[in-house]
Amino acid sequence: MAKKVNFVPQGDRVLVEPAAAEEKTSGGIIIPDSAKEKPQKGVIVAVGPGKKKDEPITVKVGDKVLYGKYSGTELTIDGKEYLIMKQEDVFGNFE
């Protein structure tokens, strides 16, 4: 589970802690760092207040989400890597 961060996104942005990249294939082959794909799953760790009253934020802290491969901007907070992106870049939640 993602830890609480001391950061509040502005507007309709969300802060995502990306899932770790796969280390092995299903057949047990170890994937080198140069061949690992960027994860497209993560956990929401902070959400902004929303852009307008008629466009509320629909995700919440703790949601496991799927987002676009090239979505967001990478940033480091307290030595940990995160992505900040607009809520519209989140495709959906996992149950």
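Two strands pair if DSSP finds at least two bridges between them. Keep that rule at hand for the exercises below. The model is predicted.

**Exercise 1. Describe the fold, from the strand count to the edges of the sheet.**

Step 1. Count the elements. The protein has 0 helices and 6 strands.

Step 2. Read along the sequence. The pattern is β-β-β-β-β-β.

Step 3. Put the strands in their sheet order. The open sheet of 6 strands runs 4-5-1-2-3-6, and the pairing is antiparallel.

Step 4. Find the edges. Strand 4 and strand 6 (90-93) each pair on one side only, which makes them the edge strands.

Step 5. Add the turn. On average, neighbouring strands of this sheet are turned by 45° against each other, direction ignored.

**Exercise 2. Examine how strand 1 and strand 2 pair.**

Step 1. Recall the general rule. Strands of a sheet pair through backbone hydrogen bonds, either parallel or antiparallel.

Step 2. Apply the rule here. Strand 1 pairs with strand 2 (residues 41-47) in the antiparallel sense, over 5 bridges.

Step 3. Pick out one position. V16 stands opposite I44 in strand 2.

**Exercise 3. Find the salt bridges and say how exposed their residues are.**

Step 1. Search the whole structure. The search gives 2 salt bridges.

Step 2. Take E17 and K80. Their closest N and O atoms are 3.3 Å apart. A salt bridge needs the nitrogen within 4 Å of the carboxyl oxygen, so the pair qualifies.

Step 3. Place this pair in the fold. E17 belongs to strand 1 (residues 13-18) and K80 to strand 5 (residues 80-86), so the salt bridge ties together parts that are 63 residues apart in sequence.

Step 4. Check exposure. E17 has a relative accessible area of 15%, so this residue is buried. K80 reaches 32%, so K80 is partly exposed.

Step 5. Take K60 and D63. This salt bridge has its closest N and O atoms 3.1 Å apart.

Step 6. Check exposure again. K60 is exposed at 54% relative accessibility. D63 is buried at 9%. The cut-offs are under 20% for buried and over 50% for exposed.

**Exercise 4. Locate S71 and list its contacts beyond its sequence neighbours.**

Step 1. Find the place. S71 sits in the loop between strand 3 (64-67) and strand 4 (73-77).

Step 2. Is S71 buried or exposed? S71 is buried, with a relative accessible area of 11%.

Step 3. Leave aside neighbours within four places in sequence. S71 then has contacts with L83, M85 and D89.

**Exercise 5. Survey the surface and the contacts of the whole protein.**

Step 1. Start with the area. The accessible surface is about 6700 Å², and 51% of that belongs to carbon and sulfur atoms.

Step 2. Find a nonpolar patch. L66, F91 and F94 form one on the surface, with about 300 Å² of accessible area together.

Step 3. Look at one member. L66 lies in strand 3. At 32% relative accessibility, L66 is partly exposed.

Step 4. Turn to the buried part. Of the 95 residues in the protein, 31% are buried.

Step 5. Finish with the contacts. Consider contacts between residues at least 6 apart in sequence: 62% of these join residues at least 24 apart.

Note on methods
Residues are numbered from 1 along each chain as its sequence is written. This is a predicted model: local features need pLDDT of at least 70, side-chain atom pairs count only at pLDDT 80 or more; totals for chains, interfaces and linings use all residues. Side-chain values use heavy atoms; hydrogens and water are left out. A salt bridge is a side-chain nitrogen of Lys or Arg within 4 Å of a carboxyl oxygen of Asp or Glu. Helices (H or I, at least four residues) and strands (E, at least two) are DSSP runs, numbered from the N terminus. Buried means under 20% relative accessible area, exposed over 50%, partly exposed in between (1.4 Å probe, protein chains only). Contact means heavy atoms within 4.5 Å. Axes are lines fitted to C-alpha atoms, for helices over the stretch in contact, and angles run from 0 to 180 degrees between N-to-C directions. Accessible areas come from the Shrake-Rupley method with a 1.4 Å probe; for residues, only the protein chains shown count as cover. Patches are made of residues with over 30% relative accessible area and no salt bridge: like charges are joined within 9 Å, nonpolar side chains (Val, Leu, Ile, Met, Phe, Trp, Tyr) within 5 Å.
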